[in-house]
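Trainee: I should like to work through this structure with you. May we go through the model step by step?

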Amino acid sequence: MGRILLRNAQIFTRDGFRQRDLMILEGRILLNFSEKEREAAADLNMDGFFIVPGFADVHVHLREPGFSYKETIKSGTEAAARGGYTAVCAMPNLSPVPSSLENLREELSLIERDALIHVYPYGAITKEQRGRGELSDMEDIAPYVCAFSDDGKGMQEESEMRAAMQEAARLKKMIVAHCEDERELRPGGCIHDGEYARAKGHVGINSASEWKQVERDLRLAKETGARYHVCHVSTKESTELIRKAKKEGVLVTAETGPHYLMFTDRFLEEDGSWKMNPPIRSQEDRAALLRGIKDGTIDCIITDHAPHSEEEKSKGLDGSAFGISGLECSFPALYHNLVLRDPESTEERIDRTEEAPRGKGAISLEKLIYLMSVRPREIFSLPGPRYIEEGEEADLAVLDLSPVYRVRAEGFLSMGKSTLFDGMEVRGEVVKTYVGGREVYDRKEGIRRERA
């Protein structure tokens with residue numbers, strides 16, 4: 001692996017960005033080193049670049065085993081490395097479902113063989129990951145999973161969710177919940193139940209289907225003492241319920257995605273790239289989510305990277321599969337649209353083909369790194385650096401904040417090319433990604449899989 005000197009960079013510390021030299025030695029960060037050590041290192045001038053802890057995405061669909069026509073662990077982790085991610089948590093909607101140790105071993109074997117970055121699998125809550133029925137072999141798989149989730153399905157029965165929380169609390173693991181009450185839904189729902197759905201004759205997905213399960217689960221988390229994390233929050237009601245529960249001492253954390261922070265249902269088009277679950281909601285919901293990331297109600301930003309085949313995303317809003325890809329463009333999209341501007345500061349839409357207006361940002365760059373790197377690792381107790389500090393593992397992303405360009409999804413390393421950000425002007429680019437001190441991505445040379 002050698003000794004590498006990254007010189008003159010702005011590094012992310014507990015006190016914000018500070019310019020100084022950083023050395024990588026034997027996979028660790030060195031900030032204090034001798035002149036002799038400096039002279040022996042491979043010298044890279046990082047003047048004008050920013051070095052941050054590699055991003056950690058706790059909500060990613062890698063699709064393997066079972067659905068390798070959509071994505072593989074190889075392609076998904078290469079896409080993640082290109083996007084500056086050094087750790088991802090892989091959702092359990094797989095075949096076989098990781099609900100037993102036997103099933104989980106197949107996924108773990110593929111991760112060991114093909115993952116370019118750190119991958120931490122989820123275990124399913126229920127046997128078939130259907131949001132109902134017999135619980136998975138939670139005790140057997142607990143040592144090997146980051147948490148338990150039935151993402152894609154809400155837990156429909158209160159008694160079953162209570163039992164799952166009780167067992168997770170006993171095992172000192174977290175329940176990570178996709179909140180969707182099927183009793184609140186009409187068949188065929190594809191977008192938010194708002195003006196666009198009514199105008200175009202689409203079946204809407206109402207907000208109550210999310211927030212009513214959040215409300216129930218928060219009550220159960222308080223009752224059982226379980227650690228509870230809410231997936232992809234999309235509504236103002238959910239945000240307020242989580243805010244209130246945190247004040248009451250409930251062990252709850254929450255996430256949301258870039259698309260919920262940037263867009264509203266006023267922007268919708270008759271295209272499958274606008275279809276995800278939960279759906280993009282109203283302007284009032286977006287405003288509540290933005291307040292939530294500012295005040296800490298919502299703890300982190302995830303991509304919910306959910307790749308599908310071209311055919312699955314080519315059938316419009318009604319017929320396409322739910323989900324979009326996002327690992328390779330989330331940081332530049334968020335930097336451009338949240339740090340360099342505030343989505344609430346203008347009535348104009350964020351257009352995917354026109355330059356987004358710039359002004360005072362909604363959040364600072366430091367806050368964005370906290371939401372993408374620091375807080376996810378804290379919540380999920382993931383290895384790797386929270387800040388650039390002496391002796392920490394060198395899982396790092398090097399960022400160049402100057403390039404302005406348009407996202408081109410056809411060039412994604414991910415097999416999933418459907419994304420809302422295609423054609424959008426963004427700013428900022430990943431220069432290099434290091435995992436354990438090993439360079440796995442360089443923007444000029446691409447993916448680097450060879451081992452030192």
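Trainee: Which residues of the largest nonpolar core touch the most other members?

Mentor: This is a predicted model, and the values discussed here are computed from it. Its largest nonpolar core holds 118 residues. Those that touch the most other members are Leu22, Phe148, Ile175, Tyr228, Phe331 and Leu399.

Trainee: How many residues does the other core have?

Mentor: That core lies apart from the largest one. Its members include Ala147, Cys231, Ile379 and Phe380. In soluble globular proteins, nonpolar side chains tend to be buried together. The count for this other core is 17 residues.

Trainee: Is helix α12 largely enclosed or open, and how many of its residues are buried?

Mentor: Helix α12 covers residues 330–339. Its buried residues include Phe331, Tyr335, His336 and Asn337. The helix is largely enclosed by the rest of the structure, because the number of its residues that are buried is ten of the ten.

Trainee: Are helices α7 and α8 roughly parallel or roughly antiparallel?

Mentor: Helix α7 comprises residues 208–224, and its axis lies 8 Å from that of α8. The two pack at an angle of about 15 degrees, and angles under 35 degrees count as roughly parallel. The relation of α7 to α8 is therefore roughly parallel.

Trainee: Is the crossing of α7 and α8 left-handed or right-handed, and how do the contact residues divide?

Mentor: The crossing is right-handed. On the α7 side the contact is made by Glu210, Trp211, Val214, Glu215 and Leu218, and on the α8 side by Glu237, Ser238, Leu241, Ile242 and Ala245. By class, these residues divide into six nonpolar, one polar and three charged.

Trainee: Helix α8 also packs with α10; are those two roughly parallel or roughly perpendicular?

Mentor: Helix α8 spans residues 236–247 and α10 spans residues 283–295, with axes 8 Å apart. The packing angle is about 30 degrees. Since angles under 35 degrees fall in that class, α8 is roughly parallel to α10.

Trainee: Is the crossing of α8 and α10 left-handed or right-handed, and how many charged residues are in the contact?

Mentor: This crossing is left-handed. From α8 the contact uses Lys236, Glu237, Thr239 and Arg243, and from α10 it uses Glu284, Asp285, Ala288, Leu289, Arg291, Gly292 and Asp295. Two of the contact residues are nonpolar and two are polar, while the number that are charged is seven.

Trainee: Is Ala90 buried or exposed?

Mentor: Ala90 lies in strand β7, residues 85–90. Leaving aside neighbours within four places in sequence, its contacts are Val60, Leu62, Glu107, Val119, Tyr120, Pro121 and Tyr122. Its relative accessibility is 3%, and the cut-off is under 20%. Ala90 therefore counts as buried.

Trainee: What separates the C-alpha atoms of Met262 and Ile280?

Mentor: Met262 is in helix α9, residues 258–262, and is buried, with a relative accessible area of 0%. Met262 and Ile280 are 18 residues apart along the chain, and their C-alpha atoms are separated by 9.3 Å.

Trainee: Which peptide bond, with omega near 5 degrees, is cis?

Mentor: The loop between α9 and α10 contains Pro278. The cis bond with omega near 5 degrees runs into that proline from Asn277, namely Asn277 to Pro278.

Trainee: What is omega for the peptide bond from Glu64 to Pro65?

Mentor: Pro65 is placed in the loop between β6 (55–60) and α2 (73–82). The bond from Glu64 is cis, with omega near 10 degrees.

Trainee: Is Arg63 buried or exposed, given its positive phi?

Mentor: Arg63 is not a glycine, yet its phi is positive, about 70 degrees. Arg63 is also in the loop between β6 and α2. At 7% relative accessibility, Arg63 counts as buried.

Trainee: What is the relative accessible area of Asn8?

Mentor: Asn8 sits in strand β1, residues 3–13, and has a positive phi of about 70 degrees although it is not a glycine. Asn8 is partly exposed, because its relative accessible area is 26%.

Trainee: Where is Pro307 found, and is it buried or exposed?

Mentor: Pro307 is in the loop between β15 (300–301) and α11 (316–319). Not counting residues up to four places away in sequence, Pro307 touches several residues, including His61, Arg63, Lys70 and Ser414. With 1% relative accessibility, Pro307 counts as buried.

Key:
Residues numbered from 1 in each chain as written. Predicted model: local features only at pLDDT ≥ 70, side-chain atom pairs only at ≥ 80, totals over all residues. Heavy atoms only, no water. Buried < 20%, exposed > 50% of the residue type's maximum accessible area, 1.4 Å probe, protein only. Helix = DSSP H or I, 4+ residues; strand = E, 2+ residues; numbered from the N terminus. Axes fitted to C-alpha atoms, helices over the stretch in contact; angles between N-to-C directions. Parallel < 35°, antiparallel > 145°, perpendicular 65-115°, else oblique. Left-handed = near helix turned anticlockwise from the far one by under 90°. Contact = heavy atoms within 4.5 Å. Nonpolar A, V, L, I, M, F, W, Y, C, P; charged D, E, K, R; others polar. Core = buried A, V, L, I, M, F, W, Y, C linked by side-chain atoms within 4.5 Å.
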